[in-house]
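Let's walk through this fold together, with the structure open beside the text. We will begin in the sheet, move out to the helices, and finish in the loops.

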Amino acid sequence: MTYHFAFFLLFFFSCDEKKSENPILVKSISKSISSIEEVNLISNTTFYDKTEKVIHILVALCDNKYQGIVPVPKGIGNGQDPKNNLYWGCGYGVKTYFMKSKEWKLIKSSQIDSVKMERLVFKHTSKENYLVADAYNGKYIKQCTVDFLKSCSGQMKDTLMVNNKVIGINGNSNLLGYIGHDGLMDFKIEEEIENVDNKERDCIILACYSKMFFSSFIKECKSNPLVWTTGLMCPEAYSIHDAINVYCNTNDEQKIADAAAKAYAKYQKCSEKSAKKLLITGW
C-alpha cells in the first residue's frame, strides 16, 4: 500500500506544475520510493521460508542445432519445443516423469520468457519440500550453465511465491540440479564464478563427464556434489527423481548417489555396478 501511495504522490505532484517546482518535496518522495524498492529487492533474496527443503533443477533442453551433441531424432531434439523435448516433455523428461510421480504433485506451471521457456513447481506429497524445474531454450545452454553455477555459488538468488508462502530458489535453494548436455565441452565461461556468502549448497549434475568438466567451478562455488558423472551418460529424469526422493529423507550422500545409480541401471538396462561407477558422490 505504501508503495502505491508513494507513486500516487509522485504522479500528483508531477501533474501540478507549481507543486512539482518544490525540489525538497520531490526529493523526499523519490527517496521514499527508492527505499521501498530497495526493501523489495532485499526481500526478494532474504525474506523467505527456510523451514522446507527446496530443490531447483535447471534443464538445458536437448538441441541438435545449437549444441555439440550426437544428433537425436528431430522431433525430440528441438531445443525450442519443450513439449516434445527429450529432457522435458518426452516420457523420461523432467516434466512428464515428475508429473507421473507418486511422490510429487504439480502445483504451478508458468511460461517465463524465450530463454526460460517453462517453469514447473511441485510439492512433495508427504513432506513440506518443493521442487522447481526450469526448461531453458536449448539455444541458451550457456546461460543455463552460468545460471546453475551462479546459483551454486550464491551469486544468483531469487524467491518464488507458492501457496501464499515465499520459498527460496536459485542460490536460496538447498539443492541445485543441472540436466542436459555438458556444454563446458564446447564453450568457456567468461563470467567470474566464486562463492559470495560462504554457504555450501548441494548439487547434482547429470551431464556427460560432469565431474571432469565442472570440478574447478564447483570448487569455486564451495558447493557439495551429491551426484555427478565420470563418463558418457543419458541425463533423463529418473536418476535425479530417485536421488532427490532419498535426499528428502536423509543426509546420507552415498545413499543418494546409489539411488540415482540404481534408477539409471534400471532404465538403461546396465549393471548397478557399472552405474555406480558412472554416477558418483563427492570428490
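**From the sheet outwards**

In this predicted model, strand E1 (residues 54–60) and strand E7 (residues 175–179) run parallel and are joined by five bridges. If you would like one pair to look at, take Leu-58, whose bridge partner in E7 is Tyr-178.

Where does this pair of strands sit in the order of the sheet? The sheet is open, with eight strands in the order E2-E3-E4-E1-E7-E8-E9-E10, so you will find E1 and E7 side by side in that list. The pairing across the sheet is mixed. At the edges are strand E2 (104–110) and strand E10 (279–280), each of which pairs on one side only.

Follow the order on to E8 and E9, and you meet another parallel pair, this time joined by three bridges. Here Ile-204 has Val-227 in E9 as its bridge partner. How many of the residues of E9 are buried? The count is six of six, and E9 is mostly covered.

Two helices that lie across E9 deserve a look at this point. Helix H5 (residues 210–221) lies across E7, strand E8 (202–206), strand E9 (224–229) and E10, and it runs at about 155° to E9. Helix H7 lies across E9 and E10, running at about 20° to E9.

Let's stay with H5 for a moment. Its buried residues are Ser-210, Phe-214, Ser-215, Phe-217, Ile-218 and Cys-221. A general point helps in reading such a list: an α-helix has 3.6 residues a turn, so residues three or four places apart point the same way. In H5, the buried residues pack against helix H4 (141–153) as well as E7, E8 and E9.

That brings us to the pairing of H4 with H5. Two packed helices are described by the angle between their axes and the distance between the axes. For H4 and H5, the angle is about 35° and the axes are 8 Å apart. H4 passes H5 in a right-handed crossing. On the H4 side, the contact is made by Thr-145, Phe-148, Leu-149, Cys-152 and Ser-153, and on the H5 side by Phe-214, Phe-217, Ile-218 and Cys-221. These residues divide into seven nonpolar, two polar and no charged.

Now turn to the other helix pair, H6 and H7. Helix H6 (residues 237–247) packs with helix H7 (residues 253–268) at an angle of about 150°, and their axes are 8 Å apart. The two helices are therefore roughly antiparallel to each other. H6 passes H7 in a right-handed crossing. From H6, the residues that take part are Tyr-238, Ser-239, Asp-242, Ala-243, Val-246 and Tyr-247; they meet Lys-255, Ile-256, Ala-259, Ala-260, Ala-263, Tyr-264, Tyr-267 and Gln-268 in H7. This contact divides into ten nonpolar, two polar and two charged residues.

How many of the residues of H6 are buried? Nine of the eleven are, so H6 is largely enclosed by the rest of the structure. The buried residues are Ala-237, Tyr-238, Ser-239, Ile-240, His-241, Ala-243, Ile-244, Asn-245 and Tyr-247.

A few backbone details remain at the ends of these helices. Tyr-209 lies in the loop between E8 and H5, and its phi is near 50°, a positive value in a residue other than glycine. With a relative accessible area of 29%, Tyr-209 is partly exposed. Just after H5, Lys-222 also takes a positive phi, of about 60°. In the loop between H7 and helix H8 (272–278) you will find Lys-269, which has a positive phi of about 55° although it is not a glycine. Is Lys-269 buried or exposed? At 74% relative accessibility, Lys-269 counts as exposed.

Our last stop is the loop between strand E3 (116–124) and strand E4 (130–136), where Thr-125 is placed. Thr-125 is partly exposed, with a relative accessible area of 48%. Leaving aside neighbours within four places in sequence, Thr-125 is in contact with Lys-102, Glu-103, Trp-104 and Lys-105. The C-alpha atoms of Thr-125 and Lys-102 are separated by 7.5 Å, and these two residues are 23 residues apart along the chain.

Note on methods. Residues numbered from 1 in each chain as written. Predicted model: local features only at pLDDT ≥ 70, side-chain atom pairs only at ≥ 80, totals over all residues. Heavy atoms only, no water. Axes fitted to C-alpha atoms, helices over the stretch in contact; angles between N-to-C directions. Helix = DSSP H or I, 4+ residues; strand = E, 2+ residues; numbered from the N terminus. Parallel < 35°, antiparallel > 145°, perpendicular 65-115°, else oblique. Left-handed = near helix turned anticlockwise from the far one by under 90°. Contact = heavy atoms within 4.5 Å. Nonpolar A, V, L, I, M, F, W, Y, C, P; charged D, E, K, R; others polar. Pairing = 2+ DSSP bridges. Buried < 20%, exposed > 50% of the residue type's maximum accessible area, 1.4 Å probe, protein only.
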